[in-house]
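Here are some exercises to help you find your way around a new structure. Try each task yourself before reading the solution below it.

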Amino acid sequence: MKGPIRYRSTSLEDVSQIEEMEKTYFLEEAFGRRQIRYLLQSPNAIALTAEEGDRSDWAHPPQAGGPAASNGKVLGYIIGLGRRGSSAVRIYTFCVRKDYRLKGIGTSLLQRFERGCQRRGVSNLILEVGEDNSSALEFYKRNGFVEFSSVPGYYSDGTTAVRMRKVITVISRQ
Ligand SMILES: CC(C)(COP(=O)(O)OP(=O)(O)OC[C@H]1O[C@@H](n2cnc3c(N)ncnc32)[C@H](O)[C@@H]1OP(=O)(O)O)[C@@H](O)C(=O)NCCC(=O)NCCS
């Protein structure tokens, strides 16, 4: 890996890289550009990006009023949306580049995401995952998610989705 990893809120500048990763890793189920933008622009969105580098190599940091700095290589992202009138957040998409998996990036993204949810008073995380996606199922179980139902034919190729949830402790906002 080229240097440290920086975790930050996902920005609209990440959309192209996220779109490319969606196409590569989710194929038929990939979110397209418009859907990614829609999710990120929602006031109920919670989205984090893992990016290569910590910007310490900037020779000339961007000046106020100057052009925005372009983002580095996106290694992973997680995008969730709060449900209106509920204390649940649904994880819509979550991915780490293949060459960077099993190095703890997914766990770091999820832990930071959970803290962001807790601060917003969210008490439940929910998601769907393909019953044949053993690595993600393993990952979620290891991170405290439990299965609560399944949806046959949820995915376009007919695969069943396993629905999982995790109850998290709310951090009171005073
Ligand atoms: C799920 C995903 C985001 C996890 O990211 P990651 O950076 O590889 O996760 P971590 O390195 O933090 O993994 C932590 C733990 O998850 C489990 N895990 C992750 N991938 C696994 C695999 N392929 N096989 C078995 N266990 C796995 C392990 O217990 C691992 O702990 P360990 O390294 O101590 O064994 C990543 O595998 C991914 O992008 N998958 C493809 C996209 C996807 O399926 N997303 C979920 C859609 S719902």
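## Exercise 1: Around the ligand

**Task.** Find how many residues surround the ligand, and which are the closest.

**Solution.** In this predicted model, 19 residues surround the ligand, and the closest are Arg101, Gly106, Thr107, Ser135 and Phe139. Next, ask which elements they come from. Those giving two or more residues to this shell are β4 (88-96), α3 (105-119), β5 (124-130) and α4 (134-142). Among the contributors, α4 gives the most, with 5 residues. Finally, sort the shell by class: 10 residues are nonpolar, 5 are polar and 4 are charged.

## Exercise 2: The overall layout

**Task.** Work out how many helices and strands the protein has, and in what pattern they follow along the sequence.

**Solution.** Start with the count: the protein has 4 helices and 7 strands. Then read along the sequence, where the pattern is β-α-α-β-β-β-α-β-α-β-β. Now look at contacts with a separation of 6 or more: residues 24 or more positions apart account for 67% of them. Of the 174 residues in the protein, 24% are buried.

## Exercise 3: The nonpolar core

**Task.** Identify the residues with the most contacts inside the largest nonpolar core.

**Solution.** A general tendency helps here: in soluble globular proteins, nonpolar side chains tend to be buried together. The largest nonpolar core of this protein has 31 residues, and Tyr77, Ile78 and Phe113 have the most contacts inside it. At least two residues of this core come from each of α1 (15-26), α2 (33-41), β2 (45-52), β3 (74-82), β4, α3, β5 and β7 (161-167). Now zoom in on Phe113. Leaving aside neighbours within four places in sequence, Phe113 is in contact with Ile46, Leu48, Ile78 and Gly80.

## Exercise 4: The two sides of α1

**Task.** Check the span of α1, then decide which of its residues are buried.

**Solution.** First, the span: with 12 residues at 1.5 Å a residue, α1 should span 16 Å, and its end C-alpha atoms are 15 Å apart, which agrees. Second, the buried residues of α1 are Ile18, Met21 and Glu22. They cover an arc of only 105 degrees around the axis, so they lie on the same side of α1. Third, these buried residues pack against α2, β3 and β4. Last, turn to the face away from the buried side, which carries the exposed residues Glu20, Lys23 and Thr24.

## Exercise 5: Two leucines with positive phi

**Task.** Where does leucine 27 lie, and where does leucine 102 lie?

**Solution.** Begin with the background: most residues other than glycine have a negative phi. Just after α1, leucine 27 takes a positive phi of about 45 degrees; its place is in the loop between α1 and α2. Leucine 102 has a positive phi near 60 degrees and lies in the loop between β4 and α3. To judge exposure, use the cut-off of 12 or fewer other C-beta atoms within 10 Å. Leucine 27 has 10 of them, so it is exposed. Leucine 102 has 10 as well, so it is exposed too.

## Exercise 6: A residue in β5

**Task.** Is asparagine 124 buried, exposed or partly exposed?

**Solution.** First place it: asparagine 124 lies in strand β5. With 16 other C-beta atoms within 10 Å, asparagine 124 is partly exposed. Not counting residues up to four places away in sequence, asparagine 124 touches Ser87, Ala88, Arg165 and Val167. The C-alpha atoms of asparagine 124 and arginine 90 are separated by 8.5 Å, although these residues are 34 residues apart along the chain.

How values were computed:
Residues numbered from 1 in each chain as written. Predicted model: local features only at pLDDT ≥ 70, side-chain atom pairs only at ≥ 80, totals over all residues. Near = placed C-beta within 6 Å. Nonpolar A, V, L, I, M, F, W, Y, C, P; charged D, E, K, R; others polar. Core = buried A, V, L, I, M, F, W, Y, C linked by C-beta atoms within 7 Å. Buried ≥ 20, exposed ≤ 12 C-beta atoms within 10 Å, placed from the backbone. Contact = placed C-beta atoms within 7 Å. Expected span 1.5 Å × (residues − 1). Arc of directions from axis to C-beta.
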